[in-house]
Amino acid sequence: MGSPVVLGIESSCDETGAGLVRNGRLLAHSVASSMDEHARFGGVVPEIAARAHLHAFTPVVRDALDRAELRMADIGAVAVTTGPGLSGALQVGLAGAKTLAFSLGVPLYGVHHLAGHVAADTLEHGPLPDPCMVLIVSGGHTSLLLVRDLARDPITHLGDTIDDAAGECFDKVARVFGLPYPGGPAIDRAARDGDPRAVAFPRPLSGPRDSRHDFSFSGLKTSAARWAERHRLRGEEPPLADGAASLQEAVADVLTRKAVAACREHGVDTLVVVGGVAANSRVRALAEERCLAAGITLRVPPPKLCTDNGAMIASVGDLLVRAGAEPAPLDVSIDPSAPLEYAALHPIARTARAA
């Protein structure tokens, strides 16, 4: 008997995703985004996100099954994001996943959202080398990880952001620049017509005495905001294309420089770049350039698998099933601020433990 079809459910923020994976192969996936509903607020509103997940859950699961030409009865396991993320949004996904797993009589696996981003690359490029260096760059997270067997081994954090993440920096600066939400794609589009050397934005935590693997983008965000403010105080409109290109260059420079240095230091010859900011054109191009020069193999998922989706959660579930991992207990809960230690995440609510 072969590996079962694993349904993955993602609902940590503003995308409701359902994906189907079997034996490392993506069968189909579907995503519904509530991004347009948040755009007028300049960021994600948790209550709106949770309500959108309620409306989208069943349609995205049905759509993924239809795309794969499968029936509900073909599902052999369910995997769901149990953290980190927005509490209400996670609760909707977990409740739906529990319902499906119970009604189908199949095991349920709780998955760490960031492990999902790591596993997304396997759907495009196959199994991860052991070991590999992983750079996660998203709206809420920027981390350098040493990854071995994703389904079995603990994940080693070499560095994390100490304040704003790279994607958060893009979102906040885009708002100051007057660009639409989400900020990352807007900055990328604006940068196409700009000069990346026009503005000498700082490269945070890049000095010899700074933490060599940690990240900080709060100061860069402030520097970009002050640059725009100085122009406006003079009655000028800031040259946004140049500002966007220079900001993007600073972020890409710091990310790729630290990632390649970490590969060299730890003797790792594969770098995997994942997360929403991995879809940024300059991050991808500079990573390719620097990895080629250093003799490092670069792996980056296609843009559609960089942003949040159910396929990445199904991929972790598939790895856990094939590794013989224990399913989640019936009283598995969510952990909105869960640290990334293992790919499986099976927290139990305090009230359940007390009972």
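**Notebook: two sheets and their helices**

I started with one pair of residues: Val21 has Leu26 of strand 3 as its bridge partner. Strands here are DSSP runs of E with at least two residues, helices are runs of H or I with at least four, and both are numbered from the N terminus.

Before going on, I noted that this is a predicted model, in which local features need pLDDT of at least 70, side-chain atom pairs count only at pLDDT 80 or more, and totals for chains, interfaces and linings use all residues. Residues are numbered from 1 along each chain as its sequence is written, and side-chain values use heavy atoms, with hydrogens and water left out.

**Entry 1: the sheet with strand 3**

I traced strand 2 (residues 15-22) next. It pairs with strand 3 in the antiparallel sense, over eight bridges. Pairing requires at least two bridges found by DSSP between two strands.

I then looked up the whole sheet. It is open, has five strands in the order 3-2-1-4-5, and its pairing is mixed. Strand 3 (25-33) and strand 5 (108-112) are the edge strands, and each pairs on one side only. On average, neighbouring strands are turned by 20 degrees against each other, direction ignored.

I checked which helices pack here. Helix 3 lies across strand 1 (5-10), strand 4 (75-83) and strand 5, at about 160 degrees to strand 4. Helix 4 (residues 113-120) also packs on the sheet, touching strand 1, strand 4 and strand 5. Its direction makes about 90 degrees with that of strand 5. Angles run from 0 to 180 degrees between N-to-C directions, and axes are lines fitted to C-alpha atoms, for helices over the stretch in contact.

**Entry 2: His29**

I picked His29, which is found in strand 3. Is His29 buried or exposed? It counts as buried because its relative accessibility is 17%; the cut-offs are under 20% for buried, over 50% for exposed and partly exposed in between, with a 1.4 Å probe and protein chains only.

I listed its contacts, leaving aside neighbours within four places in sequence. Among them are Ala18, Gly19, Ala64, Arg67 and Lys304. Contact means heavy atoms within 4.5 Å.

**Entry 3: helix 2 and helix 3**

I compared the axes of helix 2 (residues 46-68) and helix 3 (residues 87-104). They come within 9 Å and cross at roughly 30 degrees. The two helices are therefore roughly parallel to each other; that term covers angles under 35 degrees, with over 145 roughly antiparallel, 65 to 115 roughly perpendicular and the rest oblique. Helix 2 contributes Ala50, His53, Leu54, Phe57 and Val61 to the contact, and helix 3 has Gly88 and Ala89 among its contributors. By class, I found eight nonpolar, four polar and no charged residues. Ala, Val, Leu, Ile, Met, Phe, Trp, Tyr, Cys and Pro count as nonpolar, Asp, Glu, Lys and Arg as charged, and the others, Gly among them, as polar.

**Entry 4: the other sheet**

I turned to an open sheet of five strands in the order 8-7-6-9-10, again with mixed pairing. Strand 8 (156-160) and strand 10 (297-299) each have a single partner strand, so one side of each lacks a neighbour in the sheet. The twist averages 20 degrees from one strand to the next.

Strand 7 (residues 142-147) pairs with strand 8 in the antiparallel sense over four bridges. There, Leu144 stands opposite Gly159. Helix 9 (residues 240-266) lies across strand 6 (132-137), strand 7, strand 8 and strand 9 (270-274).
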